[in-house]
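These notes are meant to be read beside the model, point by point. They take up a few individual residues, the cysteine pairs and the division into domains.

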Amino acid sequence: MSYPWFGYAVVGQTTFVKCVVTLVSEWYAVGPASCFENDGNEVRIRLGNYEDLKVRKCFDRNGTAVCADPTQTLQIQRIIIHPRYNDKEFTDNIALVELLTPADITQPNVRPICLPVTKELYSNQTSNLLAISYSALKRSFVDKPTRYVNSSQCIDMYLDVGLRLNLDEKRICGQLAAETTGDCAALKSGAALQELREQRYVLRGFDLFGRDCESTVPTVYNNLYAYLDWMLYNMRFNEVDLDAKDSSLEAKWAIRQKEHEKLLLFDMSTCGIIKMAQRVSSVVTYNPWIGSLEGLENVSTSPPRVLGKVILISERYALAPAQLFSIPQEWRSVILGYHDRVFELSCEIKGCDPPYQKVDIKKVYIHPDFNEQSLHQNNIALIELMEPANTTKPLISPICLPLMQEFRNSTPLELKLATELSESRKVKRLSPANCQAQLIHEGAFLPVQELPVCADDYESDAGMRFSGHTGSALQGSIDFNDRKHYFLYGLSLLIRSSRPKTPDLPYLLTDVSQHLDWILENMKVNDTDNTPSPTKEFAPMHRLPVRNIAKRRLFNFNTCGILSNSSQESYEQEPWIGFVERWDDLAKSNKYIYCVVTLISEWYAVGPASCLGYDTKEIFVQFGGYRKVTQDECNQNDGTFKRATQTIPIAKIIVHPAYNSAQHTDDIALVQLGSSADLSQPHIQPICLPIVDDVRSYNVSSLSSTSFLSFSAGYNTLGLDGRFIASTECQRRWDGLQLNVQAGRTGLCVLQQPNAEGDGCYFIHPGFPLHTTQELRGEDRRFLRGVMTVKPGSCSAYYPAIYTNVDDYLDWILENVEGRLFTQQNAYDLTEQLVFA
């Protein structure tokens with residue numbers, strides 16, 4: 001390179017040149033203020049060439065070996081913009097750039113130009129002026145003689161083309177000879193005007209508008225003589241830090257990680273890197289840390305819906321606004337990567353390696369100072385994932401957190417609001433004053449001390465406002481390890497809608513930087529789980545006798561709870577299960593409503609209040625099997641025999657008076673049938689209620705759970721085999737999901753049974769029974785101990801299903817059964833069947 005003081009203000013590690021600068025010492029360069037006024041810290045100063053060359057590169061040019069030495073791309077320590085700079089008129093358009101580390105001026109392609117600060121160099125003459133431009137013929141930079149044009153003549157020449165010019169003795173004009181403009185390519189603003197004195201180049205000024213090769217009017221240059229005192233005043237005597245290698249962001253981060261164990265959870269070399277994919281006509285940019293928080297209003301019947309966005313910050317942790325966990329749901333989970341329902345269905349049918357990952361949530365940490373009435377303050381939640389994010393999938397990767405002060409102090413190269421995996425928009429942060437002014441203009445007000453981070457579109461004509469999900473990421477890019485990494489600065493609280501009636505509010509965001517200590521405090525270095533093991537199978541469950549002795553005689557203990565001897569997969573193994581249906585006017589038939597009851601006598605059944613409700617209009621129970629069979633069927637091909645089911649209208653639903661739907665407590669209801677069940681059929685029989693003193697207490701080892709077999713072909717009744725979870729541990733696990741489930745304190749908690757295929761769990765619906773097998777009068781019987789009321793939304797090995805403990809409600813059941821219904825048949829003479837103590 002002919003002019004080793006020639007430098008470029010480039011964006012990051014790219015070759016995009018914003019302007020030209022001139023190296024005036026190993027620590028300083030000078031250039032136009034207009035290049036740095038908005039986002040100066042996004043640029044680096046590249047010296048030696050505009051291409052980023054790491055090693056010496058040689059090539060042949062017409063038989064001659066030409067070599068290019070390595071370039072130097074240096075970070076900026078500070079930018080001093082002239083205090084009188086006017087961005088409207090571009091007066092005093094000069095900036096002094098101080099480098100973070102000195103340029104290596106021992107290299108032949110990087111040397112400073114002289115400043116006219118000595119008597120020998122300070123001439124104030126207007127001869128021997130040279131402007132730098134690019135020659136296409138020579139394929140190199142050249143200097144061309146420039147004729148000085150005095151101020152009055154220059155002003156007149158600009159007036160002739162309709163432009164008014166104010167030189168103010170701080171700018172000078174020069175013009176190339178007409179014959180030299182042919183092979184001349186102008187550079188960006190900032191290109192040096194230099195004076196040749198005694199074989200040395202002296203900086204005289206620099207081009208303000210990038211019009212060096214203009215032939216019609218002179219080029220306007222800053223007159224460096226007018227700014228020498230200002231430059232010298234602002235230049236500091238810098239010393240080379242012998243530990244400079246430890247002053248880089250990379251070195252500081254390595255030291256900080258060794259000092260703080262929890263920082264090992266973050267891989268700064270891979271976080272925050274966007275992914276790009278080529279599509280048919282464009283390149284799509286992905287933000288692989290954007291995930292979705294999905295919710296189920298009803299685990300059995302509701303389709304999942306997106307509640308908001310989550311931002312992956314490490315393999316096991318994500319962040320989201322705390323307000324998302326105030327939305328009532330029965331289950332929440334996280335989806336990472338690229339996902340849509342159609343693609344998911346296609347993968348299930350055809351089989352594929354999905355580009356997404358569904359992850360259960362292990363625990364949600366809500367900021368302790370969050371208040372639902374003040375969403376603009378402390379609105380942040382930390383999500384601990386049940387399993388690590390699969391970062392081998394291309395579109396799953398965490399964003400970086402600004403965990404060092406140096407990260408937080410750095411001005412991002414660019415600031416974006418990312419609302420989706422592939423959607424983002426450039427934004428700018430608003431000052432508190434500007435933010436409050438916009439809020440007041442739209443009829444809203446927040447005290448200055450309560451203002452969250454505010455942002456607005458970078459361009460006023462950006463088009464339709466984002467109306468994305470709560471939890472979108474305010475992300476800024478910083479150079480780290482010679483790559484652009486995105487850091488998380490905010491989580492959106494309110495995203496402006498495109499609806500015309502919606503107030504035009506700024507983007508409001510939780511400042512993530514303010515909560516970094518809290519985030520680290522709640523993160524765990526290792527994922528070893530100190531979860532207590534399931535309750536041992538021999539653990540006794542002691543129960544007190546029932547008080548209502550008189551009504552025990554209404555239940556037939558000769559026939560209840562008898563185990564089926566059928567070896568085939570049939571519904572006779574659990575003949576007390578009934579399926580609740582409601583009349584569907586559209587289909588003109590009964591429709592199963594994913595609710596199960598357990599028959600306890602010919603007139604009564606027990607089920608969850610949460611799915612039964614209070615309305616008995618056009619509601620029925622089908623006993624004898626899941627699939628409706630209108631008459632007995634005999635299959636000649638496989639020899640199976642299916643008995644006809646029985647559908648009975650419900651006359652009354654008695655919900656427990658303490659039932660709390662929000663907390664899932666006391667979730668039990670007694671169902672009175674409109675007509676008696678036909679107990680002459682072996683596949684329609686009641687289960688025993690444990691109201692007999694001899695069977696009140698039991699061991700966990702005698703418990704069995706019931707579920708569907710695959711394709712609902714029959715029932716699967718299995719012992720718990722270590723799946724029973726103690727109530728305190730059960731409640732602790734469910735508390736972690738922030739679902740307000742309180743039933744774990746009093747209910748019976750059982751992990752679901754994985755299916756034989758290994759791709760999920762056997763299905764259970766609300767109301768499926770939990771029972772013990774105990775001997776009564778020399779015969780094993782089933783005794784109802786629980787009805788399922790709460791279950792996880794996935795086949796979880798951590799979250800148990802919760803069964804309402806029927807033993808706690810036996811006296812209430814006995815009080816509410818009506819003895820008059822049993823007068824149609826003789827009440828059972830218990831003295832002939834049992835002897836009660």
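**Notes on the predicted model**

1. Arg-46 counts as buried, because its relative accessibility is 0%, and I would begin the reading here. In this model, which is a predicted one, Arg-46 belongs to strand β4. The side chain of Arg-46 makes a polar contact of 2.9 Å with the side chain of Thr-73, so that a description of the residue should give its burial under the 20% cut-off together with this partner.

2. Gly-205 can be treated in a similar way. This glycine is placed in strand β14, which runs over residues 200-206, and with a relative accessible area of 0% Gly-205 is buried. Once neighbours within four places in sequence are set aside, the residues in contact with Gly-205 are Ala-191, Ala-192, Leu-193, Asn-222 and Leu-224. Ala-185 is a separate matter: it stands 20 residues from Gly-205 in sequence, and the two C-alpha atoms are 19 Å apart in space.

3. The domain assignment of the protein chain gives three entries, namely domain 1 with residues 6-234, domain 2 with residues 275-522 and domain 3 with residues 553-820. For domain 1 and domain 2, the C-alpha centres are separated by 43 Å.

4. On the cysteines, a general reminder may help before the individual pairs are discussed: a disulfide is a covalent bond that connects the sulfur atoms of two cysteines. In this model the count of disulfides comes to nine, and the points that follow take up some of them.

5. Cys-19 and Cys-35 are joined by a disulfide with an S to S distance of 2.2 Å, and the link is left-handed, with -85° about the S-S bond. The pair links distant parts of the chain, 16 residues apart, since Cys-19 sits in strand β2 (residues 17-23) while Cys-35 sits in the loop between β3 (28-31) and β4 (43-47). Both Cys-19 and Cys-35 are buried.

6. In the disulfide formed by Cys-271 and Cys-400, the sulfur atoms are 1.9 Å apart, and with 95° about the S-S bond this link is right-handed. Cys-271 lies in the loop between α3 (249-259) and β16 (275-278), and Cys-400 lies in the loop between β23 (381-385) and α5 (405-409), so the disulfide ties together parts of the chain that are 129 residues apart in sequence. Cys-271 and Cys-400 are both buried.

7. Which hand does the disulfide of Cys-435 and Cys-454 have? The torsion about its S-S bond is about -50°, and the disulfide is therefore left-handed; the two sulfur atoms are 1.9 Å apart. Because Cys-435 is in helix α6 (residues 432-441) and Cys-454 is in strand β26 (residues 453-457), the pair ties together parts that are 19 residues apart in sequence. Cys-435 counts as buried at 1% relative accessibility, and Cys-454 is buried as well, with a relative accessible area of 3%.

8. Is Cys-114 buried or exposed? Its relative accessible area is 18%, and because buried means under 20%, Cys-114 is classed as buried. I would suggest that the text give the value of 18% together with the class.

Notes:
Residues numbered from 1 in each chain as written. Predicted model: local features only at pLDDT ≥ 70, side-chain atom pairs only at ≥ 80, totals over all residues. Heavy atoms only, no water. Domains from an automatic or database assignment. Disulfide = S-S within 2.5 Å. Helix = DSSP H or I, 4+ residues; strand = E, 2+ residues; numbered from the N terminus. Buried < 20%, exposed > 50% of the residue type's maximum accessible area, 1.4 Å probe, protein only. Contact = heavy atoms within 4.5 Å. Polar contact = N/O pair within 3.5 Å; in protein donor to acceptor, adjacent residues only side chain to side chain.
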